[in-house]
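Subject: Handing over the model

Hi,

Here is the structure I promised you. Have a look at it first, and my notes follow underneath.

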Amino acid sequence: MSFSYMPGFGNDFETESLPGALPQGRNSPQRPAYGLYAEQLSGSPFTAPRGTNERSWLYRIRPSVRHTARFAAFAQPHWKSAPNNGDHELALGQLRWDPVPIPNVETDFVAGIRTMTTAGDVFTQVGMAAHVFVANTDMVDDHFFNADGELLVVPQEGGVRFVTEMGVIEVTPGEICVLPRGLVFKVELVDGPVRGYLCENYGAKFTLPDRGPIGANCLANPRDFKTPAAWFEEKETPCRLIVKWCGAFHVTEIGHSPLDVVAWHGNYAPYKYDLSTYSPVGAILFDHPDPSIFTVLTAPSGEEGTANIDFVIFPPRWLVAEDTFRPPWYHRNIMSEFMGLIHGQYDAKEEGFVPGGMSLHNMMLAHGPDATGFEKASRAELKPQKLDNTMAFMFETRFPQMLTRYAAELDTRQDNYIDCWSDLKKRFNGTPEGDWS
Ligand SMILES: O=C(O)Cc1cc(O)ccc1O
Ligand SMILES: [Fe+2]
């Protein structure tokens, strides 16, 4: 399978996989070339302001409406939606999990999605859900679209190929991709079983954060985002289309492959991004800045500076701050922090937060470095230090994240997580020096 990408973020792209398939100068010619059907995919209301108006025109072998069956209910018991007001017995707490094992039974990408938390409300299109996915088999004749939100995919183990109606995106650990609401796709495994994290964004789309005084460069640069060129298949055998719609799952049948878009143009499209192209900007004299400096993508809410979701990474970087406690500070946060680790070690946790694992520090719940990390960082000689072999990330939302029953009962949950702070000693002894014995 050969496929390619076009650089840029939010561009007006155009791409055709057969010469002359894309109409020029108009969207709806009376008879599009090759006998294709023209179809608009609207990602924003028709009248949204220019800066947030998103739509693409797809030129396809058959229009999407040509399915052969009515929709019927489909079972996906592990993929939950908000509101989910905590259908479990687990008390409030700081939480951490080891990785979810990859199943032994045949599990494709859609079947392998397990919801950890939900926030907000899928019906009013605010909030998000944090999921993990584990899969060991390709989707062959099954396809999927999510009407409830865009999907930000963070692979952690194994490569994943999204064969979408607008082109093919392959991502491996260290890369991410975003699949817009409504996009039809199937998922193939590049090389064996896969595991990863998924953020389902019910609200306004992810966009690049403003850089403010940082200026025109650094952080995530637009040219490093890659959108696939058109790719299609002409497959005239029965296929299925599974749909997630307002939290419920439905299935219909199609007599052909729905991945039949020969050409498209527009600014509503999937994309991928290599996290190693992120240029972190940080404190170069003293103090530990807020983690918002490492925002890759932000999904705004209606309120300025208050994201529905921030997707934040903790990439390799130099620590140079003088007279500074360099790891994350102890804190309580109005936003809720779901974290995962793609590889390596995270600087606030010496052990217990392992690649593929997860932690949840919910609205206003105290957290920070474990006791061992605190000890080390408080006594470290403050030479410039390279943090290498590390890539953690955070789905941070303005809303509380409600735990699913699956997450509460998952046997990889670490019951003793809070013990990582139990050795934090009293250092106050009434003297300015404190007790550092
Ligand atoms: O809690 C965490 O580990 C994430 C985090 C990192 C950081 O450097 C500052 C604040 C913060 O929430
Ligand atoms: Fe935090």
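One definition before anything else: I call a residue buried if 20 or more other C-beta atoms lie within 10 Å of its own, exposed if 12 or fewer, and partly exposed in between, with C-beta atoms placed from the backbone. Bear in mind that this is a predicted model, so local features need pLDDT of at least 70 and side-chain atom pairs count only at pLDDT 80 or more, while totals for chains, interfaces and linings use all residues. Residues are numbered from 1 along each chain as its sequence is written, and chains are lettered from A and ligands numbered from 1 in the order in which they are written.

Domains

The chain splits into domain 1 (5-275) and domain 2 (277-421); these bounds come from an automatic or database domain assignment. Taken over C-alpha atoms, the two centres are 27 Å apart. Domain 1 puts 53 residues into the contact and domain 2 puts in 54 (contact: C-beta atoms, placed from the backbone, within 7 Å). On the domain 1 side, the elements giving two or more residues are β6 (95-97), β7 (113-121), β8 (126-135), β10 (150-157) and β15 (194-201). Here helices (H or I, at least four residues) and strands (E, at least two) are DSSP runs, numbered from the N terminus. β7 has the largest share of that side, with seven residues. By type, the side comprises 25 nonpolar, 18 polar and 10 charged residues. For that split, Ala, Val, Leu, Ile, Met, Phe, Trp, Tyr, Cys and Pro count as nonpolar, Asp, Glu, Lys and Arg as charged, and the others, Gly among them, as polar.

Ligand 1 and the annotated sites

Around ligand 1 you'll find P291, P328, H331, N333, E337, A348, H361, H367 and M394 (a residue is near if its C-beta atom, placed from the backbone, lies within 6 Å). That shell has four nonpolar residues, four polar and one charged.

UniProt (unreviewed entry) annotates "binding site" at H331 and E337, and also at Y346 and H367. Those positions are in the numbering used here, feature names are shortened, and annotations may be inferred rather than shown by experiment. Y346 and H367 are spread over 22 residues of sequence, yet the largest C-alpha distance is 14.1 Å.

Which of these are buried, and which exposed? H331, in the loop between β23 (317-319) and β24, is exposed because it has 12 other C-beta atoms within 10 Å. E337 sits in strand β24 and is buried, with 21. Beyond its neighbours within four places in sequence, E337 is in contact with H361, M394 and E396. Y346 lies in the loop between β24 (336-344) and β25 (358-361) and is buried because 25 other C-beta atoms are within 10 Å. With the same four places left aside, its contacts are F314, L341, F353, T390 and A392. H367, in the loop between β25 and α1 (371-379), is also buried, with 22 C-beta neighbours. H367 touches Q94 and H361, again not counting residues up to four places away.

Strand pairing

β13 (175-179) and β20 (271-274) run antiparallel, joined by four bridges (two strands pair if DSSP finds at least two bridges between them). β16 (225-228) is also antiparallel to β20, with two bridges. Y273 in β20 stands opposite I176 and also opposite F225.

Definitions and conventions. Contact = placed C-beta atoms within 7 Å.
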